[in-house]
Amino acid sequence: MKTKLVLALALFAFLPLNAQLKIDFGKNSPMRKLQMAEMAVTNLYVDSVDESKLVEDAIRGMLEKLDPHSSYSDAKETKAMNEPLQGDFEGIGVQFNMVEDTLVVIQPTINGPSEKVGIIAGDRIVSVNDTTIAGVKIARIDIVKKLRGPKGTKVKLGVVRRGIKEPLTFIVKRDKIPVHTLNAAYMIRPTIGYIRLESFGAKTYDELMAAVDTLKNQGMQSLILDLQDNGGGYLETAARIVNEFLEDKDMIVYTEGRTTQRKEYRAYGNGKLRDIPVVVLLNEYSASASEIVAGAIQDQDRGTIVGRRSFGKGLVQRPIELPDGSMIRLTIAHYYTPSGRCIQKPYKKGDLKDYQMDMENRLKRGELTNPDSIHFADSLKCYTLRKNRVVYGGGGIMPDEFVPLDTLKYTKYHRSIAAKNIIIEQHLKYVDAERKHLKKQYSTFEDFYNNYEVPQSLLDTIEKVAESKDIKPKDEEERTKTHEQLRIQLKALIARDLWDMNEYYRVWNDNSDIVQRALDVIQNTEKALSH
């Protein structure tokens with residue numbers, strides 16, 4: 001269900017420069033030429049120009065002619081991009097969604113500033129500091145700007161609560177709000193733990209190890225590490241996580257570039273997961289740091305990779321902060337897996353459009369459904385370090401166990417109503433109206449998981465709204481098949497809104513072909529070991 005095009009495939013390698021940048025401003029230097037061009041446009045051009053924008057456009061123009069991952073971001077963009085990896089931001093602490101131009105609180109952050117003053121799930125925030133934000137078609141990003149602010153500052157919220165006639169007023173004192181990169185951690189079978197990571201941020205390692213301790217106490221003997229859709233993050237975080245699985249001095253990854261000396265990351269042999277069988281899950285949107293983890297596990301013959309060929313990003317970016325808070329992320333090195341693979345997929349410098357079309361081209365070639373359609377050149381062949389198995393560089397991590405994309409699972413009708421956002425809108429309305437009843441009827445998630453069934457009335461409502469937008473199933477068979485998948489999807493979404501992402505994945509994974517194949521792999525391994 002969660003098909004997101006990963007745009008921020010950033011691998012932030014904080015590598016020290018070996019020398020100061022030397023800039024030549026001599027008479028014939030390129031820098032002098034660039035400076036004179038900027039001065040000429042600024043001072044002589046027929047119309048007025050924004051000098052700051054002129055410089056930014058020049059920087060973007062230079063980077064666009066390089067590799068697909070060197071990039072420039074202005075100060076606001078830089079702050080927004082860094083927050084998910086840094087692990088926190090400052091605000092009021094609520095998860096929310098927009099229902100008919102109104103902000104509806106899905107969950108307040110536990111022990112966060114909003115929960116402390118009494119804001120609850122289902123509340124509608126209709127004004128911020130006496131400025132109306134409900135029913136005025138204000139952009140989501142502008143609402144976020146109004147709610148966020150420096151720690152310690154106060155914000156006045158007008159709230160409408162179901163069952164109460166008069167609007168409520170809350171004064172919320174903003175605080176640090178943690179951003180979690182671990183989506184789920186639970187025992188998927190009596191001896192098998194499951195952990196899903198969304199990205200590799202500053203606090204991901206600590207979140208992971210806390211989850212590992214919890215799952216070990218619950219009897220975990222094997223682990224499924226789910227990196228599907230994980231677009232990457234900090235190289236150092238990925239290396240720390242791989243360290244938990246490998247023996248002393250085992251290679252994790254190394255980096256090397258034209259002016260960047262080779263740097264190796266090796267295991268210390270002190271990991272808590274060295275003796276636990278592991279399966280790593282990948283798909284076509286797993287990139288960067290995800291591929292470092294999977295590549296090390298595969299090359300060291302430490303576990304099994306299940307899923308589909310990963311994105312293929314083997315480039316290391318160095319963040320270069322500029323005085324105004326903007327940033328250049330410049331590719332300075334390649335990274336290599338322990339067997340010596342660079343898994344960066346091919347690209348032409350400056351041809352970003354072709355690079356971005358890669359996923360669509362994979363689908364057209366049949367690669368996502370048939371592994372035999374994938375061909376690697378012999379020159380890209382490498383061998384794993386213990387079992388001497390053949391692996392390839394030059395285009396992502398190819399899984400040991402390929403799971404084809406089921407293109408028939410979702411009907412055209414299902415895809416159409418999802419594209420029109422009908423499913424999300426109607427599920428939010430349903431939860432908003434039924435939240436108290438559902439929480440009363442299902443006091444625990446286990447009770448909900450075992451007994452809740454999506455009501456036919458919700459499916460009928462979705463179908464009725466779709467029909468009003470001229471979206472109809474072609475026949476009864478398509479309607480029936482759509483309803484089967486909708487029930488699973490809606491149950492997972494409702495579980496998320498009543499509890500959290502952990503419960504969402506506990507429902508959703510029952511429907512995941514990749515997760516189910518991973519369970520088969522581990523169970524077969526356990527049987528082999530028992531004999």
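**Burial, contacts and backbone in a predicted model**

Trainee: Is D301 buried or exposed?
Mentor: The model is predicted. D301 has a relative accessible area of 14%. Buried means under 20%, so D301 counts as buried.

Trainee: Where does D301 lie?
Mentor: Look just after helix 8. Strand 18 (304-307) follows. The place of D301 is the loop between helix 8 and strand 18.

Trainee: What is the phi of D301?
Mentor: Most residues other than glycine have a negative phi. D301 is not a glycine, yet its phi is positive. The value is about 50°.

Trainee: What is the phi of S288?
Mentor: S288 sits in the loop between strand 17 (278-282) and helix 8 (289-299). It is a residue other than glycine, and its phi is positive. The value is near 60°.

Trainee: What is the relative accessibility of S288?
Mentor: The cut-off for buried is under 20%. S288 falls in the buried class. Its relative accessibility is 0%.

Trainee: Why is helix 7 largely enclosed by the rest of the structure?
Mentor: Helix 7 runs over residues 235-243. Its buried residues are L235, T237, A238, A239, I241, V242 and N243. The helix is largely enclosed because the buried count is 7 of the 9 residues.

Trainee: Which residues does T237 touch, not counting residues up to four places away in sequence?
Mentor: T237 lies in helix 7. It is buried, with a relative accessible area of 9%. With those sequence neighbours left out, T237 touches F200, G201, T204 and Y205.

Trainee: Which side chain makes a polar contact with the side chain of N243?
Mentor: N243 is also in helix 7. It is buried at 7% relative accessible area. Beyond four places in sequence, N243 touches I252, A267, Y268, G269, N270 and G271. The side-chain polar contact, at 3.0 Å, is with N270.

Trainee: Which residue has its backbone nitrogen 2.7 Å from a polar atom of the N243 side chain?
Mentor: Search among the residues that N243 touches, which include A267, Y268 and G269. The partner atom here is a backbone nitrogen, 2.7 Å from the N243 side chain. It belongs to Y268.

Trainee: At what angle do helix 14 and helix 15 pack?
Mentor: Helix 14 covers residues 456-468, and helix 15 covers residues 476-498. Helix 14 passes helix 15 in a right-handed crossing. Their axes are 11 Å apart, and the packing angle is about 115°.

Trainee: Which residues of helix 15 make the contact with helix 14?
Mentor: Helix 14 brings Q456, L458, L459, I462 and E463. By class, the contact has 5 nonpolar, 2 polar and 3 charged residues. From helix 15 come R479, H483, L486, R487 and L490.

Trainee: How many disulfides does the count give?
Mentor: A disulfide needs cysteine sulfur atoms within 2.5 Å. The sulfur of C342 is 10 Å from the closest cysteine sulfur, in C382, so that pair is too far apart for a bond. C382 is in no disulfide. The count comes to 0.

Trainee: What is the relative accessible area of C382?
Mentor: Start with C342, which is buried with a relative accessible area of 19%. C382 is buried too, and its value is 15%.

Trainee: How far apart in space are K156 and F170, C-alpha to C-alpha?
Mentor: K156 is in strand 8 (residues 154-160). Leaving out residues up to four places away, F170 is among the residues that K156 touches. The two are 14 residues apart in sequence. In space, the C-alpha distance is 5.9 Å.

Trainee: Which side chain is joined to that of K156 by a polar contact of 3.1 Å?
Mentor: K156 is partly exposed, with a relative accessible area of 33%. Among the residues it touches are S127, V128, N129 and D130. The polar contact of 3.1 Å is with D130.

Trainee: Which residues are in contact with Y347, leaving aside neighbours within four places in sequence?
Mentor: Y347 lies in the loop between strand 20 (327-336) and helix 9 (352-356). At 29% relative accessibility, it counts as partly exposed. Its contacts beyond those neighbours are D67, P68, L315 and Y355.

Conventions
Residues are numbered from 1 along each chain as its sequence is written. This is a predicted model: local features need pLDDT of at least 70, side-chain atom pairs count only at pLDDT 80 or more; totals for chains, interfaces and linings use all residues. Side-chain values use heavy atoms; hydrogens and water are left out. Buried means under 20% relative accessible area, exposed over 50%, partly exposed in between (1.4 Å probe, protein chains only). Helices (H or I, at least four residues) and strands (E, at least two) are DSSP runs, numbered from the N terminus. Axes are lines fitted to C-alpha atoms, for helices over the stretch in contact, and angles run from 0 to 180 degrees between N-to-C directions. A crossing is left-handed if the near helix is turned anticlockwise from the far one by less than a right angle, and right-handed if clockwise. Contact means heavy atoms within 4.5 Å. Ala, Val, Leu, Ile, Met, Phe, Trp, Tyr, Cys and Pro count as nonpolar, Asp, Glu, Lys and Arg as charged, and the others, Gly among them, as polar. A polar contact is a pair of N or O atoms within 3.5 Å; within protein, one must be able to donate a hydrogen and the other to accept it, and residues adjacent in sequence count only if both atoms are side-chain atoms.
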